[in-house]
Amino acid sequence: MTPRPWIEAFAPATVSNLGPGFDCLGLAVAGPGDRVRARLGDAPGVVLLSVAGDGGKLPRASELNTASVAAQALLNVYAPGAAVELELLKGLPLGSGLGSSGASAAAAVVAVDALLDLGLPPAALVEAARAGEAAACGAGHPDNVAPAILGGIVLVASLAPLRLVALPTPPSLWIALYTPGFSLPTAQARAVLPGAVRLADAVVHAARLGLLVHALHEGDLSLLGEAVVDDIVEPARAPLIPGYLEAKAACCEAGALACSISGAGPTTFAFASDHGRAQALLAILDEAFTHAGVAGQGFVDQVGPGARVLSAPLH
Ligand code: HSE
């Protein structure tokens, strides 16, 4: 029998929300991510053959795993009847706030798009990947999968129709990212959110998001720092992350441009204008979370490209 070639795709970690952009704004980081391998299968539909790197924690059933659910959503619309097999290789920690489920979904749809030579536009890939997010945490929020697929900083300006706006990235923007040593399921972090917000708070929030977009277009990092403030979602989630408020205060005191929760947390990010300052902020985050009894690990990174095919085809 002729061996069936594998196609392997990579999708990066993402930082979503970025202060005032809850569920509509995120960025891709340059470094870590997840990989998905895809090959043609025997029977119509998507079969997840294996998952590695998750400590056995993720669902293996094809109809439950975020990667296979996203791939199946793609097939349902663009290639009904196609038969695909997947392998998922996790590089990102689960329940971390680094867009782990989004990276798996993004890598899966990019791998399948390449395998079947569909050549789909990013919006179609993002739409399918959202189905994976919905399977993972009950909400098909697009603010991780959109930057995971497009790369850079992406605003999801509307859901129906899906409108994705790529925003400029200031080249000197550096990010310190620290993941405390526990996981926080996104569904749990969403359960504590307020069901309604006061009009006055919504106005302040909207103004900050506008300022953030302006700051990115101007490449003005100090304005960006002013804009990355969230008085709606962050206060509800901070109690779920031991040491968060102390870590943030220490970062701000040390001159961080901004500091907030990455996605649903517990990863905490701080913005800096150069690599050295970002390293210093990482040390501060490490000290604060270690002091709070939730030592974890972190890294310094910049904004990076989106999901891509790594190898095609591999036997
Ligand atoms: N915007 C989502 C949230 C991201 O904050 O719940 C979750 O990864």
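**Exercise 1. Describe the contact between domain 1 and domain 2 in this predicted model, working from residue counts to area and then to polar pairs.**

Solution. In this predicted model, 27 residues of domain 1 are in contact with 35 residues of domain 2. The two domains span residues 7-167 and 174-301 respectively, and their centres, taken over C-alpha atoms, are separated by 24 Å.

The next step turns to area. The size of an interface is often given as the accessible area lost when the parts come together. Here domain 1 and domain 2 bury about 2,100 Å² between them, with 69% of it on carbon and sulfur atoms. On the side of domain 1, the residues that lose the most area to domain 2 are Pro20, Phe22 and Leu167, which together account for 25% of what that side buries.

The last step concerns polar pairs and the elements involved. Across the interface of the two domains the rule finds one salt bridge and 10 residue pairs in polar contact. Strands S1 and S2 (21-40) each supply at least two residues of the side of domain 1 that touches domain 2, and S2 gives the largest share, 10 residues. By class, that side has 16 nonpolar, 10 polar and one charged residues.

**Exercise 2. Determine whether Thr14 is buried or exposed, and identify its surroundings.**

Solution. Begin with the position of Thr14, which is found in strand S1 (residues 6-17). Its relative accessibility is 1%, and because buried means under 20%, Thr14 counts as buried.

Then consider its neighbours. Leaving aside residues up to four places away in sequence, Thr14 touches several residues, including Leu27, Gly97, Pro147 and Ser262. Asn144 is also one of the residues touched, and the side chains of Thr14 and Asn144 make a polar contact at 2.9 Å.

**Exercise 3. For the salt bridges Asp54–Arg60, Asp201–Arg198 and Lys248–Glu234, establish how exposed each partner is.**

Solution. A search of the whole structure finds 12 salt bridges, among them the pairs treated here.

Asp54 and Arg60 meet at 2.6 Å, N to O; Asp54 is buried at 6% relative accessible area, whereas Arg60, at 37%, is partly exposed.

For Asp201 and Arg198, the closest N and O atoms are 3.2 Å apart; Asp201 is partly exposed at 29%, and Arg198 is exposed at 56%.

Lys248 and Glu234 meet at 3.1 Å, N to O. Lys248 lies in helix H9 (residues 244-253) and Glu234 in helix H8 (residues 234-237), so this pair ties together parts that are 14 residues apart in sequence. Lys248 is buried at 18%, and Glu234 is buried at 8%.

Notes: Residues numbered from 1 in each chain as written. Predicted model: local features only at pLDDT ≥ 70, side-chain atom pairs only at ≥ 80, totals over all residues. Heavy atoms only, no water. Helix = DSSP H or I, 4+ residues; strand = E, 2+ residues; numbered from the N terminus. Buried < 20%, exposed > 50% of the residue type's maximum accessible area, 1.4 Å probe, protein only. Polar contact = N/O pair within 3.5 Å; in protein donor to acceptor, adjacent residues only side chain to side chain. Contact = heavy atoms within 4.5 Å. Domains from an automatic or database assignment. Buried area = accessible area lost by both parts, 1.4 Å probe. Salt bridge = Lys/Arg side-chain N within 4 Å of Asp/Glu carboxyl O. Nonpolar A, V, L, I, M, F, W, Y, C, P; charged D, E, K, R; others polar.
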